[in-house]
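Thanks for coming. I will take one model today and go through its sheet, its core and its empty spaces.

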Amino acid sequence: MTQPILQVNDLKKHFPLKGGFFGGTTGYVYAVDGVSFDIARGETLSLVGESGCGKSTVGKALLRLFPLTGGQVILDGQRIDDMPAGTLRPLRRRMGVVFQDPFSSLNPRMRVRDILAEPIRNFSLARDASELEQRVAGLMDKVRLPRDAVNRWPHEFSGGQRQRICIARALAADPDLIICDEAVSALDVSVKAQIVNLLQDLQRELGLALLFISHDLAIVEHMTHRVAVMYLGKIVEVAPKRSLFAAPKHPYTEALLSAVPVPEPGAARERIILKGDVPSPINPPKGCRFHTRCPYAFDRCRVEEPPLRPVADALGAGHIAACHLHDRPAAENPLAGAKGAALLAVA
Ligand code: SF4
């Protein structure tokens, strides 16, 4: 098996809460609390979950935008989590990022040429001005924007065009991996599809790995290879796309999927309405973190945290989930087979 381009082992990010009379630490926000996954070269792994589950914090932690609380991050065989801040330049070259809001991510006082030239200059990737100009033109070609648009300012572009510029900037230093943090969430439906198609084309052309962070499962289904589902700072299920969408093995994933519109007319999917809100990451529930909202919870779930482990899946290998239901006989496990979501409207 070839070495993954990215391996993440037991990643943790706990943000301290300051307060009290002396302004000391009064607790922690357990935003990411032991997350592990890997991404192969040329693969798209989507990290999904509700707002506040910690998925964007994972992306920012990988980029070392803040110090990590624990865990290992290995990029192409090299540990990067313990690299001192001053030695992160090579890392920044190999990981690109595209954020959600293309309006605030581009400097309004820089023309597109300068926005794209900046990383090329920073990493000394062009020998002279003519090569720099060629690389900038090549980036415009890659993201299907006219070359002469390099003379324009960010405010002269639409949202979709700006996101293309952000993608071109992420590609400027020839990265191996691009982290797309809700990269299409702020765009109109038709523009979303164009940007997703562009990312897929670029992945094929350049062999890029993508970490696609999103709450939009309909988009994820269209463009990913595998999916990792996060809930309250932890990954609760990882599977190839086909397995996850046809036969989810975690009740949280099942509920998320029940809200995705079904494309075939007449094919109904019954909606699972989860009770309550996501608990606070300051004080996550004991046992299984999902037990306060899980329609299948039983006594063991309230005291024992289920580990993430392989589960039986008739559709193929590589399906792991964290749920005690899989220790029960199949007749007592509502997620044992490939099933449509049952109606579990719990008020
Ligand atoms: Fe639900 Fe229990 Fe499974 Fe957690 S372990 S998802 S509470 S059934």
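Start with one pair of residues: G96 has I178 in β7 as its bridge partner. That pair belongs to β6 and β7, which run parallel and are joined by 4 bridges. Strands here, at least two residues of E, and helices, at least four of H or I, are DSSP runs numbered from the N terminus. Two strands count as paired if DSSP finds at least two bridges between them.

Before going further: this is a predicted model, where local features need pLDDT of at least 70 and side-chain atom pairs count only at pLDDT 80 or more, while totals for chains, interfaces and linings use all residues. Residues are numbered from 1 along each chain as its sequence is written, and side-chain values use heavy atoms, with hydrogens and water left out.

On to the next strand. β7, residues 177-181, pairs with β8, residues 209-214, in the parallel sense over 5 bridges. Within that pairing, I179 stands opposite L211, and C180 is opposite F212.

Which way do the residues of β7 point? L177, I179 and D181 point one way, and I178 and C180 the other. The strand is mostly covered, with 5 of its 5 residues buried; buried means under 20% relative accessible area, with a 1.4 Å probe and protein chains only.

These strands are part of an open sheet of 8, in the order β6-β7-β8-β3-β9-β10-β12-β11, with mixed pairing. Its edge strands are β6 (95-98) and β11 (309-310), each pairing on one side only. Helix α5, residues 159-171, packs on the sheet and touches β6 and β7, and its direction makes about 170° with that of β6. Axes are lines fitted to C-alpha atoms, for helices over the stretch in contact, and angles run from 0 to 180 degrees between N-to-C directions. Further along, helix α9 (251-258) lies across β9 and β10, at about 105° to β9.

Outside that list of strands, β1 (residues 6-19) and β2 (residues 24-39) run antiparallel, joined by 12 bridges. They form a hairpin with 4 residues between them, and G20 in the turn has a positive phi of about 75°. β1 is also joined to β4, residues 70-75, by 5 antiparallel bridges, with L6 partnered by L75.

Now the core. A nonpolar core is a set of buried Ala, Val, Leu, Ile, Met, Phe, Trp, Tyr and Cys residues joined through side-chain atoms within 4.5 Å. The largest has 70 residues, and L116 and I167 have the most contacts inside it. Apart from it lies another core of 33 residues, V8 and I235 among them. L116 is one of the buried residues of helix α3 (112-122), and those buried residues pack against α4 (129-142) and α5.

Last, the empty space. What is the volume of the largest pocket? It is about 500 Å³. Of its 22 lining residues, R92, M95, G96, V97 and R169 are the closest to the centre. On a 1 Å grid over the protein atoms alone, a pocket is an open set with protein on both sides within 12 Å along at least five of seven lines, and a cavity is a set of points where a 1.4 Å probe fits but cannot get out; lining residues have an atom within 4 Å of a point. Grid points are joined across faces, edges and corners, and a volume is the space filled by probe spheres set on the points. α2 (89-94), β6, α3 and α5 each supply at least two residues of that pocket's lining.

Technical notes:
Buried means under 20% relative accessible area, exposed over 50%, partly exposed in between (1.4 Å probe, protein chains only). Contact means heavy atoms within 4.5 Å.
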